[in-house]
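Let's take a relaxed walk through this one. Have a look at the model first, then read on.

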Amino acid sequence: MNDERINRIIDILEKNEGIAVKELADFLQVSQMTIRRDIEMLKSKNIVKNVSGAIMLNRDNNNASASYSLLQHLNEYSTEKEIICKKAASFVEDGDIVYIDIGSTVASIIDYFNKNLKITAVCCTLNAMTKLYKNNINNVYMLGGKYQSGLQMFYNENNRDDLKHIRLTKAFISAAGVEGDSVTCVNDIEVSTKQTAIRNAAEKYLLVDSSKFDVIKPYQFAKLEDFDYIVTDNKISKAWRKKIKDSGIKLIIA
């Protein structure tokens, strides 16, 4: 059993009310047989269920001990992520044009925006768009395209071209790994949009919890030096604090 893949399956199901085996297999780039084995294991622990051919989390499961070991990693840094987003939101000013990157972590920054500020928000994910709507932020530029359910992202090749024409005051960017000078993500379709947002922003903020440092993921989209600010939690190591300071990047501890 691949624990990382299992955690990713649960993460995807957390964000979707139902998803087909084939779609899971395509997104995770494994065979349908592999996904079916993972799903059978999760079903045996009463963590997921199959409803009319769609796989979904069994939210009626009251046996917390059965799912705790698999969900622990996903939930371990939830407090830190919220603190990071709250801190990052404090830098948003009246008149800003802000880019909200892919991922549930960065989208949470929207919950902490000062409601009295007049800003323009740019995003390409359903979760960010939903939060912007709920928080009554009406001046929104949504990048369109085909919906990628695992990322909750709308994507097409024109995303980066559309974004080229928007001058951002601030870009809030997420990453799955930071190692050496490399900043990486899990999915290749994230790369071009992230890179364009970074290039077009006057100020670039990298929002990562401390667990992401010394982690390598498959796709590099930036160098550490591409960012003006790194916002993280107080569990970041002394070695990384020194490295960031020596790089001339402003480290913000939430």
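What follows covers a small sheet, the nonpolar cores and the cysteines.

Keep in mind that this is a predicted model.

Start with the sheet. It is open and built from 3 strands, in the order β9-β10-β12, with antiparallel pairing. Which strands stand at the edges? Those are β9 (177-179) and β12 (219-223); each has a single partner strand, so one side of each is left without a neighbour in the sheet. From one strand to the next, the twist averages 30°. Strand β10 (residues 182-185) runs antiparallel to β12, and 4 bridges join the two. One of the residue pairings to look for is S182 with its bridge partner K223 in β12. Helix α9 (residues 191-199) packs on this sheet and touches β10 and β12, with its direction at about 5° to that of β12.

Now for the nonpolar cores. The largest has 53 residues, and L42, Y99, V183 and F221 have the most contacts inside it. Another core, of 24 residues, lies apart from it, and its members include I84, A107, I119 and Y205.

Finally, the cysteines. Searching the whole structure turns up 0 disulfides. For C124, the nearest cysteine sulfur belongs to C123 and is 6.9 Å away, and C124 is in no disulfide. A disulfide would need the two sulfur atoms within 2.5 Å.

How buried are C124 and C185? Here are the values:

| Residue | Relative accessible area | Status |
|---|---|---|
| C124 | 0% | buried |
| C185 | 2% | buried |

Both count as buried because the cut-off is under 20% relative accessible area.

Methods:
Residues numbered from 1 in each chain as written. Predicted model: local features only at pLDDT ≥ 70, side-chain atom pairs only at ≥ 80, totals over all residues. Heavy atoms only, no water. Core = buried A, V, L, I, M, F, W, Y, C linked by side-chain atoms within 4.5 Å. Buried < 20%, exposed > 50% of the residue type's maximum accessible area, 1.4 Å probe, protein only. Pairing = 2+ DSSP bridges. Axes fitted to C-alpha atoms, helices over the stretch in contact; angles between N-to-C directions. Contact = heavy atoms within 4.5 Å.
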